[in-house]
Amino acid sequence: MNSIRLTPIDQRSGGIERIEPLLRPRLEGLYSERASRLEALAAKHPMADYLRFTAAIARAQQRLLEQLPLPAKVNAQLELHDQAPLATAQLPRDPYWRCLLQGLLEQLHGDAPAPVQAVIEDLQNSSQERLEMLADALLSGRYEAVGSDRALFLWSALALYWTQLAARLPLHASTGENRQLCPVCAQAPSASVILSGLRYLHCSLCESRWHMVRLKCSNCEQTDKLDYWSLDSKDTTLKAESCGDCYSYLKVLYLDRNHELEAIADDLASLALDAELEREGFARSGPHPLLFPG
């Protein structure tokens with residue numbers, strides 16, 4: 001169980017911590033910056049078409065954030081408690097997330113290739129019950145029950161919903177151990193980022209970041225069998241950390257060395273590194289929000 005303790009901000013104890021245990025998502029420019037980075041990375045990239053398509057998704061998320069923001073009534077209904085107040089397995093989803101999904105699908109339908117349009121129309125014509133069943137399966141990691149094509153759109157809408165919830169929570173975090181899952185929504189991280197010499201795990205769903213010491217596996221917390229991999233020995237800004245104890249890996253992005261890096265975009269653009277790790281027998285410990293198996 002994750003032991004980073006979250007409390008309402010007006011109940012925080014005195015004193016100032018040197019390391020901030022939790023960084024909530026910053027909504028301003030979040031998706032537009034991601035879209036710009038994806039478009040820049042697409043130039044001369046073998047996955048150029050897919051990177052540009054995911055950039056279009058990020059642009060649509062930004063427009064929805066501005067035109068259809070989270071209603072105040074949804075935020076007011078939250079019950080705060082110590083452990084993962086937005087845990088996906090316990091938090092009742094407001095129908096607002098389905099409004100985000102439909103808005104996303106409408107924006108992307110026109111310019112999508114024919115196979116993608118078929119997926120979009122399938123989701124547009126799905127009943128509320130089916131959409132909720134698919135969301136349950138996706139959030140519980142049963143990707144084969146959803147399919148990678150549907151998962152991309154469903155997760156993008158769910159992430160926009162949860163990220164707004166996380167950004168508005170008036171929380172204070174205190175340190176603890178056992179940090180494999182997000183202390184806000186209890187989902188797995190998509191990557192590690194290094195900021196001012198400190199490592200934070202970046203949540204694949206709500207975009208929160210939480211501190212975890214370096215030189216420790218982000219999945220099993222062992223320290224003895226860690227290795228670091230890169231496709232270019234001269235690249236000190238993006239690596240993969242693998243663990244020989246649990247045979248998992250997760251990307252590490254050194255944002256303090258390259259300010260142009262964007263955690264989700266640069267992770268997606270470095271899939272060749274994922275392929276190398278998988279050939280070595282390692283499995284990714286957290287999902288990528290723009291590329292699902294199944």
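pLDDT is the predictor's confidence in each residue, on a scale from 0 to 100. Keep that in mind, since the model here is a predicted one.

**Exercise 1. Work out how confident the predictor is in this chain, and where that confidence drops.**

Solution. Start with the overall figure: the mean pLDDT of the protein chain is 90. Next, look at the spread: 89% of the residues reach 70 or more. Then hunt for the weak spot. Over residues 9–17, pLDDT stays under 50. For that stretch the model has eight contacts beyond four places in sequence.

**Exercise 2. Describe the overall make-up of the fold.**

Solution. Count the elements to begin with: the protein chain has nine helices and ten strands. Then check burial: of the 294 residues in the protein chain, 52% are buried. Finally, ask how far along the sequence the contacts reach. Taking contacts in the protein chain with a separation of 6 or more, 67% come from residues 24 or more positions apart.

**Exercise 3. Decide how many disulfides the structure holds, using Cys246 as a test case.**

Solution. The cut-off you need is a pair of cysteine sulfur atoms within 2.5 Å. Now take Cys246: the closest cysteine sulfur belongs to Cys217 and sits 3.7 Å away, so the pair is too far apart for a bond. The tally for the structure is zero disulfides. While you're looking at cysteines, check their exposure too. Cys246 has 27% relative accessibility and counts as partly exposed. Cys99, at 44%, is also partly exposed.

**Exercise 4. Test whether the length of helix H4 fits its residue count, then find what packs against it.**

Solution. H4 has 14 residues, and at 1.5 Å a residue it should span 20 Å. The end C-alpha atoms are 20 Å apart, so the model agrees with the expectation. Next, list the buried residues of H4: Tyr96, Trp97, Arg98, Leu100, Leu101, Gly103, Leu104, Leu105 and Leu108. Here's a handy bit of background: an α-helix has 3.6 residues a turn, so residues three or four places apart point the same way. As for the cover over the buried residues of H4, it includes helix H2 (48–67), helix H5 (114–124), H6 and H7.

**Exercise 5. Place Leu158 in the fold and name the residues it touches.**

Solution. First locate Leu158: it belongs to helix H7, residues 148–168. Its relative accessibility is 0%, so Leu158 counts as buried. Leaving out residues up to four places away in sequence, Leu158 touches Arg93, Trp97, Ala135, Leu138, Leu139 and Leu205. Pick Leu138 for a distance check: it is 20 residues from Leu158 along the chain, and their C-alpha atoms are separated by 9.9 Å.

**Exercise 6. Trace the salt bridges around Arg93 and Asp267.**

Solution. The overall count is 19 salt bridges. Take Arg93 and Asp136, whose side chains meet in one at 2.7 Å, N to O. Arg93 lies in the loop between helix H3 (72–76) and helix H4 (96–109), while Asp136 is in helix H6 (residues 128–139), so this pair ties together parts that are 43 residues apart in sequence. Burial differs between the partners: Arg93 is buried, with a relative accessible area of 18%, whereas Asp136 is partly exposed at 39%.

Now move to Asp267. It forms a salt bridge with Lys251, with the closest N and O atoms 2.8 Å apart. That pair links distant parts of the chain, with Asp267 in helix H8 (residues 263–268) and Lys251 in strand S9 (residues 248–254), 16 residues apart. Both are buried: Asp267 at 0% relative accessibility and Lys251 at 1%.

Asp267 also bridges to Arg284, at 2.4 Å, N to O. Here the link runs from helix H8 to strand S10 (residues 283–284), with the two residues 17 apart. Arg284 is partly exposed, at a relative accessible area of 21%. To finish, go back to Arg93: salt bridges that share partners join Arg93, Arg98, Glu132 and Asp136 into one network.

**Exercise 7. Compare the annotated domain with the model's secondary structure.**

Solution. An unreviewed UniProt entry carries the annotation "domain: FdhE central" for residues 181–214. In the model, that span is 0% helix and 47% strand. The end C-alpha atoms of residues 181–214 lie 16 Å apart.

How values were computed. Residues are numbered from 1 along each chain as its sequence is written. This is a predicted model: local features need pLDDT of at least 70, side-chain atom pairs count only at pLDDT 80 or more; totals for chains, interfaces and linings use all residues. Side-chain values use heavy atoms; hydrogens and water are left out. Buried means under 20% relative accessible area, exposed over 50%, partly exposed in between (1.4 Å probe, protein chains only). Helices (H or I, at least four residues) and strands (E, at least two) are DSSP runs, numbered from the N terminus. Contact means heavy atoms within 4.5 Å. UniProt positions are given in the numbering used here, feature names are shortened, and annotations may be inferred rather than shown by experiment. A salt bridge is a side-chain nitrogen of Lys or Arg within 4 Å of a carboxyl oxygen of Asp or Glu. The expected span of a helix is 1.5 Å times one less than its number of residues.
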